[in-house]
Amino acid sequence: MKKTLTQKILEHHLVSGTCIPGREISIRIDQTLTQDATGTMAYLQFESMHVPRVKTELSVSYVDHNTVQIGFENADDHRYLQSVAEKFGLYFSRAGNGICHQVHLERFGRPGKTLIGSDSHTPTGGALGMIAIGAGGLDVALAMAGEPFYLTCPRVINIHLEGHLQPWVSAKDIILKVLDLFGTKGNVGSVFEYGGPGVETLSVPERATITNMGAECGVTTSIFPSDAMTLRFLKAQQREEDWLEFAADHGAQYDRVVEIDLSKLEPLTAMPHSPGNIARIRDCEPVPIRQVCLGSCTNSSYKDLATAAKILKGTVAHPDVSFIIAPGSKQVLENLARDGYLADLLAAGARLMENACGFCIGNSQSPPSGSASLRTSNRNFFGRSGTRDAQVYLASPESAAAAVLTGHLTDPRDLNLPYPDISLPERFHVDDRLIIEPMDPESAAGAPIYRGPNIGPPPANEPLPDSLDGIVTLKVGDHITTDHIIPAGERMKYRSNIPKYAEYLFEIVDHTFFRRAMQIKESGHSNIIVAGTSYGQGSSREHAAICPMYVGVKAILAKSFERIHAANLINFGILPLTFLDEEDYDRLADGDRLLFPDIRSSLVDGDRVRLLNDTGGISMEVAFELTNRQKKILLAGGVLNRF
Ligand code: F3S
């Protein structure tokens, strides 16, 4: 049978199940990556598994998110991450070396391999012809311990690229077109597999812009074949020995085929406040732009910044525009400097930020109130820039440079300049001294792990008891997000200290929640949360399950759950229960005592359980939709206990 590239790699790594779309399968993981915001918890969990050394072919711990030092917490986390990496056999990419996805592409990614990373833009690695998937920190910890990774076998959608890009149109415009065609919803459980003659015209960094932002469509991952362009990139990275040709079979069957003619694309933008809100720049109002940010894990390669430098050479930024650049890696920055492009950018007024996520996560460089910012990053959600009333547009480096010059949203073709055709260097200058290699096993055995006061103990949970006796600690409405459950922003610095972070649970909904929950836990009862529809939407933040587990939440009763959050609840031993009759939601109130007399046996035997509302004197049935594997995890009190 003719196979897609996705099928080939998945089947080669298959541990259990059958590769039929919609079925649960598990695969062997070759590589993992973490970043500092999610990494500390992943390594605390890994430590609790008592595995002396990572069992993957290669694992890397990156520091790129919270690199700004205000207080000791971030510095403590970085030191912990470094000591854990050395001890357990991981590579450690120091703060300043670059953003995880850019560095992984340059130095570690390999065609045909599987990678999971505790960051949603891990699919960037698909540019090298690997299956690269974003996952929770606990899944990454399990993969490092040699466990398989479970996923729903995806449908494979072929995006067939014809023709070639016209001057002033670039890879960002391709993925914006894909977002225009597919939107940001309804693509869960799919893989975008790129093919067709247009693929041959795209370099690996251009492909990476496309695979990176596939995450905005909600797909499992995106992938390109590994071909002559891949070899060229790996040669330039001085690691051609990592190359392997990999492509779909001719005549492979896809679930859907969508064709894009690159020759017909025009400069596009994602308008506020969604990456799926796409328009041709030519059709937009010439909105005044007060800030331009070039960088993030999406468009921060050598070519992206060199292109902007060539457009801006000999000019200076419009007086109303603050022009910010954040190269994706130290390698990019050094090569720009060697080739003179950095000097051109600085002369044009660029403000050079650290090689890190920086402005992309709102850590710095919030735009002025009520203004518009044009960014080459991948997300423009409301408030993400740090300025609540800012309007953020996403566009290509070419369009960003045009706005730097004119001070407003501009189709770069209107600059009437010669197009700066930049080709990749044959050989990049490579210096890996900011990547610390793992210790040899003998020295690692005696190596210390540094834990400052910001590193708390990993939280533990009990197996599910035979019956539950709980109190409704909180009743909430529809669309409760992970931000409602546990805030990010300033509070995120406590991410490695669960007892401290848990104090902020539901802070913006009911600031007395934590105190009440701890009282209920100490009285010997379980905490139960009652919710409306789409509970846990927003992000894959595991802390929205870990912190509730820590305060003794045993079950969430909701009208419906967001998929990733439900999976996280299961991983941490919290029952996601749904109302069979949605009107039962109205029959429960804050403070009600709820009894589940046979919770354990009900879970083993079926898909529903009877609960008694002891306060209201009524009973009702609620349901759980779980695979046998998930049931076993819940019975054990979470994945860690089961492991
Ligand atoms: Fe960092 Fe933003 Fe990418 S936070 S990993 S640059 S999406």
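**Exercises on domains, ligand shell and sheet**

The domain assignment divides the protein chain into domain 1 (5–264), domain 2 (269–409) and domain 3 (468–642). The model is predicted; the mean pLDDT of the protein chain is 95, with 100% of its residues at 70 or more. Its scores are ipTM 0.99 and pTM 0.92.

**Exercise 1. Describe the contact between domain 1 and domain 2, with attention to the side of domain 1.**

*Solution.*

Step 1. Begin with the separation: the centres of domain 1 and domain 2, taken over C-alpha atoms, are 24 Å apart.

Step 2. Turn to the residues in contact. Domain 1 contributes 31 residues and domain 2 contributes 28 residues.

Step 3. Identify the elements on the side of domain 1 that touches domain 2. Those giving two or more residues are α4 (100–107), α6 (171–182) and α7 (204–214). The largest share, 5 residues, is that of α6.

Step 4. Sort this side of domain 1 by class: 9 residues are nonpolar, 16 are polar and 6 are charged.

**Exercise 2. Determine which residues surround the ligand, and explain where the ligand lies with respect to domain 1 and domain 2.**

*Solution.*

Step 1. List the shell. The ligand is surrounded by His65, Ile99, His101, Asp119, His121, Ser296, Cys297, Cys357, Cys360, Ile361, Ser377 and Asn378. A residue belongs to this list if its C-beta atom, placed from the backbone, lies within 6 Å of the ligand.

Step 2. Classify the shell: 5 of its residues are nonpolar, 6 are polar and 1 is charged.

Step 3. Compare the residue numbers with the domain bounds. Residues of the shell come from both domain 1 (5–264) and domain 2 (269–409), and therefore the ligand lies between these two domains.

**Exercise 3. Establish the strand order of the open sheet of 4 strands, and state which strands stand at its edges.**

*Solution.*

Step 1. Write down the order. The 4 strands of this open sheet follow one another as β11-β10-β9-β12, and their pairing is parallel.

Step 2. Find the edges. β11 (221–223) and β12 (256–261) each have a single partner strand, so each stands at an edge with one side left without a neighbour in the sheet.

Step 3. Add the geometry: from one strand to the next, the twist averages 20°.

Step 4. Examine one pair in detail. Strand β10 (residues 190–195) runs parallel to β11 and is joined to it by 3 bridges. One residue pair may be located directly in the structure: Val191 has Thr221, in β11, as its bridge partner.

Methods. Residues are numbered from 1 along each chain as its sequence is written. This is a predicted model: local features need pLDDT of at least 70, side-chain atom pairs count only at pLDDT 80 or more; totals for chains, interfaces and linings use all residues. Ala, Val, Leu, Ile, Met, Phe, Trp, Tyr, Cys and Pro count as nonpolar, Asp, Glu, Lys and Arg as charged, and the others, Gly among them, as polar. Domain bounds come from an automatic or database domain assignment. Two strands pair if DSSP finds at least two bridges between them. Axes are lines fitted to C-alpha atoms, for helices over the stretch in contact, and angles run from 0 to 180 degrees between N-to-C directions. Two residues are in contact if their C-beta atoms, placed from the backbone, lie within 7 Å. pLDDT is the predictor's confidence in each residue, from 0 to 100.
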